[in-house]
Amino acid sequence: MPVEITWWGHATCTIADSNIRVLTDPLFARRLAHLRRRRGALPSPEARRADLALVSHLHADHLHLPSLARLAPGTRLLVPRGAPRAVPGLRRLTHLRLTEMAPGDETVVGDLVVRAVPARHDGRRLPVGPHRSPALGYVVTGEARTYFAGDTGLFDAMAEEVGPVDVALLPVGGWGPYLGPGHLDAGRAAQALARLAPRSAVPVHYGTYWPMGMDAVRPHEFHAPGSEFVRLSGVLAPEVAVHLLGHGESVRPEVAR
């Protein structure tokens with residue numbers, strides 16, 4: 001069965017590979033604190049069907065306890081090392097099979113191997129407090145090698161630490177009018193794509209959530225990152241097929257055989 005990628009919005013994707021469904025940073029909320037889902041219907045119940053779920057870091061728009069609680073009993077959940085200590089609510093999700101990960105760790109699920117890789121991002125649960133858990137990306141290897149970057153800034157050793165990949169799911173924006181350090185905007189994501197040189201890419205982490213009351217504040221920062229990433233990738237990495245998905249849309253990217 002061909003590898004298939006579905007984007008549900010923000011950083012939430014399903015990677016279907018080797019008859020295993022992998023869900024990234026599950027977020028199924030209409031509202032999260034001061035954020036409101038502005039585009040795309042809430043993901044269907046189909047989105048919650050997964051054999052394995054990945055959490056990249058502890059920020060509430062990536063480690064969302066109510067969304068994780070809706071996963072089926074027995075779902076395998078990979079989280080950054082130290083996450084249950086930093087986020088005690090994780091320990092109450094006893095219906096999930098939780099594994100803590102650090103960069104370089106691997107987990108085998110069926111015919112897939114999932115490797116945690118470094119990310120350059122603030123991994124704390126709150127904006128202030130101790131750094132207890134690393135921010136991670138993941139490389140899912142089965143019929144394809146798919147890189148889910150989570151949240152990360154651009155860093156010199158990215159290609160070396162991630163390794164060769166066929167598909168890259170890269171963040172290209174955020175949920176507010178400004179991006180702080182440790183993030184990729186469309187330009188830096190296109191630079192990352194040139195370094196990684198996959199066959200295919202899907203832009204994520206944009207065009208979904210926006211602060212309430214700020215609809216008219218720098219609206220291009222909400223709408224534009226996906227198409228801007230496509231444009232800049234055509235300049236910096238023209239050999240890569242970039243798939244601009246709508247919410248709930250899927251693609252079967254070309255992979256090496």
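## A tour starting at His 121

Begin by selecting His 121 in this predicted model: leaving aside residues up to four places away in sequence, His 121 touches His 57, His 59, Ala 135, Asp 151, Thr 152, Gly 182 and His 183. Show those neighbours as sticks and keep them on screen for a moment.

Where along the chain are you? His 121 belongs to the loop between strand 10 (112-118) and strand 11 (136-141). Is His 121 buried or exposed? Its relative accessible area is 13%, so His 121 counts as buried, the cut-off being under 20%.

Now look at two of the neighbours in turn. Pick His 57: its side chain and that of His 121 are joined by a polar contact of 3.4 Å. Then pick Gly 182, whose backbone oxygen is 2.7 Å from a polar atom of the His 121 side chain.

Next, select Arg 120 and Phe 155. Here the charged end of Arg 120 sits over the Phe 155 ring, 4.0 Å from the ring's centre.

Time for the nonpolar interior. The largest nonpolar core has 52 residues, and the members that touch the most others are Tyr 138, Tyr 147, Leu 170 and Phe 229. Colour helix 4 (residues 186-196) as well, since you will find that it supplies the largest share of this core, 6 residues. Another core, of 18 residues, lies apart from this one; Phe 28, Leu 58, Val 79 and Leu 93 are among its members.

Zoom in on Tyr 147. Its contacts, not counting residues up to four places away in sequence, include Val 117, Tyr 138, Met 158, Leu 170 and Leu 196. Thr 152, which you met beside His 121, is also touched by Tyr 147.

Switch to a cartoon view for the sheet. Which strands make it up, and in what order? This open sheet has 7 strands, ordered 8-7-6-3-2-1-17, with mixed pairing. Strand 8 (97-101) and strand 17 (250-251) are at the edges with a single partner strand each, so each has one side without a neighbour in the sheet. Inside the sheet, find strand 2 (residues 12-17) and strand 3 (residues 20-24): they run antiparallel and are joined by 4 bridges. One residue pair to click on is Asp 17 with its bridge partner in strand 3, Ile 20.

Last stop: Trp 7 and Tyr 206. A search of the whole structure turns up 1 aromatic pair. The ring centres of Trp 7 and Tyr 206 are 5.3 Å apart and the planes meet at 10°, so this pair is stacked. Trp 7 is in strand 1 (residues 4-9) and Tyr 206 in the loop between strand 14 (200-204) and strand 15 (209-211), 199 residues apart. Both residues, Trp 7 and Tyr 206, are buried.

Definitions and conventions:
Residues are numbered from 1 along each chain as its sequence is written. This is a predicted model: local features need pLDDT of at least 70, side-chain atom pairs count only at pLDDT 80 or more; totals for chains, interfaces and linings use all residues. Side-chain values use heavy atoms; hydrogens and water are left out. Two strands pair if DSSP finds at least two bridges between them. Helices (H or I, at least four residues) and strands (E, at least two) are DSSP runs, numbered from the N terminus. Buried means under 20% relative accessible area, exposed over 50%, partly exposed in between (1.4 Å probe, protein chains only). A polar contact is a pair of N or O atoms within 3.5 Å; within protein, one must be able to donate a hydrogen and the other to accept it, and residues adjacent in sequence count only if both atoms are side-chain atoms. Contact means heavy atoms within 4.5 Å. A nonpolar core is a set of buried Ala, Val, Leu, Ile, Met, Phe, Trp, Tyr and Cys residues joined through side-chain atoms within 4.5 Å. Rings of Phe, Tyr and Trp (its six-membered ring) pair if their centres lie within 6.5 Å; planes under 30 degrees apart count as stacked, over 60 as edge-to-face and the rest as tilted. A charge sits over a ring if NZ of Lys or CZ of Arg is within 6 Å of the ring centre and within 35 degrees of the ring normal.
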